[in-house]
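Okay, everyone, thanks for coming. Let me put my structure up on the screen, and then I'll walk you through a few spots in it.

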Amino acid sequence: MNDIFTNCKFKNGFGPGVQTAAAATSPTKRPLSPDHPNPALPITETPSPAMSRMGWALRTLLVADNSSCLKDRKVSGKLIRKCAPGTELVDWLVNLSPIVHTRAQAAGMWQALVEEGVLAHVNKEQPFKDKCFLYRFRLDEEGGAAAAGVPQSDDLGAANEHIREALSALFQRGPDATLRMILRKPSHERTSEELELVFEELVHIAALSHLSTSIKRELSSIFVFEAHAQAGTILFNQGDEGRSWYILLKGSVDVVIHGKGTVATLKTGDDFGKLALINDAPRAATIVLKENNCHLLRVDKEHFNRILRDVEANTLRLQEHGKDVLVLERVAKQRGQHSAFKYTVMSGTPAKMLEHLLETRLGQSVGGMDPFLDDFLLTHIVFMPVVQLVDELANYFHCDAHEEAQTPEDREYIINFKKRVIQFMQKWVMAVRHAAFEEPSVCDFIEDLAAEVEADPDLNEETSIVHNVLTQMARYQEDRNQNAGQKWKLPPNGQPICLFSGNATPSKTVIRPDDDIIFRVYCADHTYCTLRFPMHTTAELIKACAADKLQLNRGPEDLVLVEVKSNGERSVFKDNDVSIPTGLSLNGRLFVSVKDHLDALTQLQEQECPTEGVDIDLEILSTKELAYHITLFEWDLFWAVHEYELLYHTFGRHHFGKITANLDVFLRRFNEVQYWIVTELVSTPSLSKRVGLVRKFIKLAAYCKEYQNLNAFFAVVMGLSNMAVTRLQQTWEKIPSKFKKIFQEFEALIDPSRNHRAYRVFVGKLQPPLIPFMPLLLKDMTFAHEGNKTSLDGLVNFEKMHMMAQTMRTIRFCRSRSLGLEPPSPKSEGEVRSYISSFRVIDNQRVLTAMSQKVEPTRKL
Ligand code: CMP
């Protein structure tokens with residue numbers, strides 16, 4: 001007898017429907033959880049010894065009872081041994097035990113036996129019901145010696161001894177068994193009382209605590225109970241289509257990721273499988289049962305989408321080895337996006353974010369580039385250096401390198417993944433253009449990728465993508481070779497000048513890190529040396545070399561490289577700073593100085609004088625032509641600025657060791673135009689000429705605005721608003737009111753209040769091409785940087801990256817169409833072009849104010 005419940009020999013015939021970890025499966029049809037579990041069938045593979053013993057005791061007592069309901073009965077002409085109707089089993093149990101008060105309690109207790117396979121409906125069609133359906137014990141189904149005859153007296157004694165304990169245990173299990181039975185029935189068969197029972201249970205599940213009562217009521221009718229008997233069973237595989245969301249009611253599961261192994265173990269009360277549903281993406285991990293007899297609640301995708309997708313929790317956290325690795329937050333739908341709601345990445349480890357991108361964000365090219373992907377590509381240099389990114393991509397691409405025997409299913413997954421890496425590469429190049437090709441590790445990776453794609457027939461469709469990337473790379477390298485050895489000169493004052501470029505069209509000359517620049521470095525007594533160095537040379541090297549040439553005879557640790565501005569202000573460079581000469585202010589000079597003697601540094605006399613430039617009578621130049629050439633010139637400067645330079649500028653060039661020379665030159669130009677306006681006005685002694693100039697500059701601002709060169713527009717208007725100009729009362733008195741009114745409108749547009757609201761509204765309505773007011777974009781970057789930490793609890797604060805990428809995208813938008821301005825009828829084209837390329841500028845406010853005083857002394861009252 002003891003054999004029956006200790007060895008549990010009989011199996012419950014647990015149905016197929018899930019796979020065990022070792023089982024191979026067909027590549028297309030992965031076995032899924034049974035869609036409609038049958039509540040008449042057991043949920044365990046074998047009954048537990050305890051349940052077997054309880055069943056045995058009940059049966060022994062029933063068989064021993066002469067008036068028992070357990071009889072041989074004929075059903076449809078077939079004899080069924082020792083079966084009883086549900087109603088009579090309930091009657092018997094209620095009479096047997098004082099602890100069973102209601103028929104429903106008794107039915108639940110019998111159902112507890114049904115779900116372990118100890119008792120069963122004779123046709124295996126019904127769970128236990130207090131109805132006239134016939135049930136019998138498994139022992140009688142199997143037949144054999146144990147089932148035959150009347151129980152012996154010692155068996156009866158043992159059964160009587162055990163029955164109290166058995167009834168109490170079954171009494172405890174009954175309600176849960178009833179609940180599981182309801183959850184295994186199709187929703188239309190669940191009665192309102194049953195739904196109420198389920199609802200009361202859902203209230204206690206942590207994973208649902210954020211949901212409203214009405215949602216939980218809806219869920220009561222659609223949750224499906226699933227039991228899985230064997231540890232090692234795979235519930236679903238990474239890469240599978242997401243079909244359901246799960247809550248773990250009992251047991252635990254492992255979250256397994258290709259190439260990483262088990263990254264997390266989920267326990268009772270945890271949920272999983274949501275990621276694929278909310279993002280319409282493949283499963284990000286494989287879920288393997290860690291224990292026998294795991295119980296799950298399941299919501300299928302169609303119901304999830306209908307009920308939960310819009311009300312899901314705002315935040316979703318993924319963990320690996322007990323630590324958060326990815327935090328997602330729900331965002332409202334953006335116009336043009338195909339899914340109702342998406343989750344966006346708030347923070348994560350760099351590697352997990354990349355994995356999430358490759359797993360979920362590629363291959364859905366609806367409505368252009370995914371914003372998360374674009375943000376990642378534009379900002380990854382802050383948190384994941386290029387070399388590391390290339391390494392990770394290469395690992396993903398070669399994820400099959402160590403797997404010898406591949407099932408067709410694994411192969412399909414691997415090929416899919418390789419395709420994603422290729423797509424990623426293509427989008428990377430599209431987003432950052434030549435910056436990707438400047439990195440030797442990227443070029444090597446692209447070449448390796450190309451060779452492997454060529455050799456793999458499964459990647460046939462990808463060859464055109466790879467060829468396209470290779471062509472772009474070749475074009476970049478050709479262009480680079482042609483322009484190799486570009487040289488620049490930073491005159492003692494004014495703009496850097498390109499001395500030599502292999503470029504046939506001298507415009508749009510990008511300053512490259514290994515271009516040489518010739519510049520001066522002074523020392524305290526104003527003697528200087530002229531140096532020639534590549535742009536990316538560090539301040540430390542420049543300092544050492546200048547000290548040597550100027551015979552300072554001091555160790556590098558005693559020396560600093562300093563800029564002395566035209567107003568005497570000094571700013572010291574960090575030793576690892578790069579692109580030093582282009583970073584100087586308009587009339588600034590580079591000094592090398594002993595650390596302790598910084599105070600002794602004074603500006604050169606020439607710094608108070610105008611910078612080098614063409615001396616011309618402005619009156620004779622057409623204003624429209626001026627604006628036109630200023631815009632063409634600045635468009636080229638703007639075009640050369642890479643979005644990354646904004647990041648380098650904001651975080652500090654020294655962090656990246658990358659030059660910001662193109663951005664420096666563009667910003668320098670802004671100051672040049674602004675101070676040119678002031679310089680011209682305060683150095684014009686004739687009142688009538690000044691009046692003419694003010695009118696000309698207001699018109700110039702209007703043309704710049706018309707040409708959508710807002711950088712120059714701001715510079716001109718700010719120049720006219722400079723204190724040294726606004727104080728020229730006699731001049732302004734003679735300006736016609738029509739011009740004054742226009743100027744007031746312009747001033748309103750550059751008004752910085754409410755975070756430059758007027759300008760933002762105005763520029764928001766413009767279409768490209770346009771040149772934006774660059775200092776404001778840099779201010780936005782700085783705000784995002786200073787107001788937000790880069791790392792939060794060890795994760796990259798991706799919200800910050802998103803904010804920065806938004807600003808970087810503005811630049812991309814402004815340049816998304818080429819400039820095709822209608823040239824004004826040429827009058828003095830060459831003359832204007834050379835004039836506007838280098839203005840004569842004083843940038844010392846004190847000198848400008850003094851000059852202004854001189855041309856229009858303050859009136860005595
Ligand atoms: P989904 O991608 O639908 O299927 C696999 C599930 O595993 C995933 O949703 C998450 O719910 C869950 N999961 C838990 N931890 C991780 C993790 N670190 N990475 C990926 N998935 C995880």
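I'll start with the overall layout, then go to one helix, and finish with some single residues.

One thing up front: this is a predicted model. So please keep that in mind for everything I say.

Right, layout. The protein chain is split into five pieces by the domain assignment: domain 1 is 49–184, domain 2 is 195–311, domain 3 is 321–464, domain 4 is 487–607, and domain 5 is 618–855. If you take the C-alpha centres of domain 1 and domain 5, they sit 89 Å apart.

Now, what does UniProt have on this one? An unreviewed entry there lists "domain: DEP" at residues 64–139. In the model, that stretch is 34% helix and 26% strand, with 15 Å between its end C-alpha atoms. The other UniProt feature I want to show, again from an unreviewed entry, is "domain: Ras-GEF" at residues 622–858. Residues 622–858 come out as 71% helix and 2% strand, and the end C-alpha atoms are 32 Å apart.

Let's zoom in on helix H27, residues 737–749. It has 13 residues and runs 18 Å from its first C-alpha to its last, close to the 18 Å you'd expect at 1.5 Å a residue. Which residues of H27 are buried? Those are Phe 739, Phe 743, Phe 746 and Leu 749. They take up an arc of only 110° around the axis, so they end up on the same side of H27. And what covers those buried residues? The cover includes helices H23 (687–706), H24 (710–720), H26 (729–733) and H28 (753–764). Flip to the face turned away from the buried side, and you find Ser 737, Lys 741 and Gln 744, which are exposed.

Since we've just met H28, let's stay there for a moment. His 756 is in that helix, and its phi is positive, about 60°, although it isn't a glycine. Most residues other than glycine have a negative phi, and most peptide bonds are trans. Is His 756 buried or exposed? It counts as buried, because its relative accessibility is 8% and the cut-off for buried is under 20%.

For a second positive phi, go back to Ser 76, where the value is near 45°. Ser 76 is in the loop between strands S2 (71–75) and S3 (78–85). This residue counts as exposed, since it has 78% relative accessibility and exposed means over 50%.

Then there's a cis peptide bond, from Pro 768 to Pro 769, with omega near 5°. Pro 769 lies in the loop between H28 and helix H29 (774–787).

While we're at H29, look at Gly 787, which is in that helix. With 58% relative accessibility, Gly 787 counts as exposed. Its C-alpha is 53 Å from that of His 36, and the two are 751 residues apart along the chain.

Last stop, Thr 582. Where does it sit? Thr 582 is in the loop between strand S22 (570–572) and strand S23 (589–594). Its relative accessible area is 1%, so Thr 582 is buried. The Thr 582 side chain also makes a polar contact, at 2.9 Å, with the side chain of Asp 664.

That's my tour, so I'm happy to go back to any of these on the screen.

Key
Residues numbered from 1 in each chain as written. Predicted model: local features only at pLDDT ≥ 70, side-chain atom pairs only at ≥ 80, totals over all residues. Heavy atoms only, no water. Helix = DSSP H or I, 4+ residues; strand = E, 2+ residues; numbered from the N terminus. Buried < 20%, exposed > 50% of the residue type's maximum accessible area, 1.4 Å probe, protein only. Polar contact = N/O pair within 3.5 Å; in protein donor to acceptor, adjacent residues only side chain to side chain. Expected span 1.5 Å × (residues − 1). Arc of directions from axis to C-beta. Contact = heavy atoms within 4.5 Å. UniProt positions renumbered as here; feature names shortened; annotations may be inferred. Domains from an automatic or database assignment.
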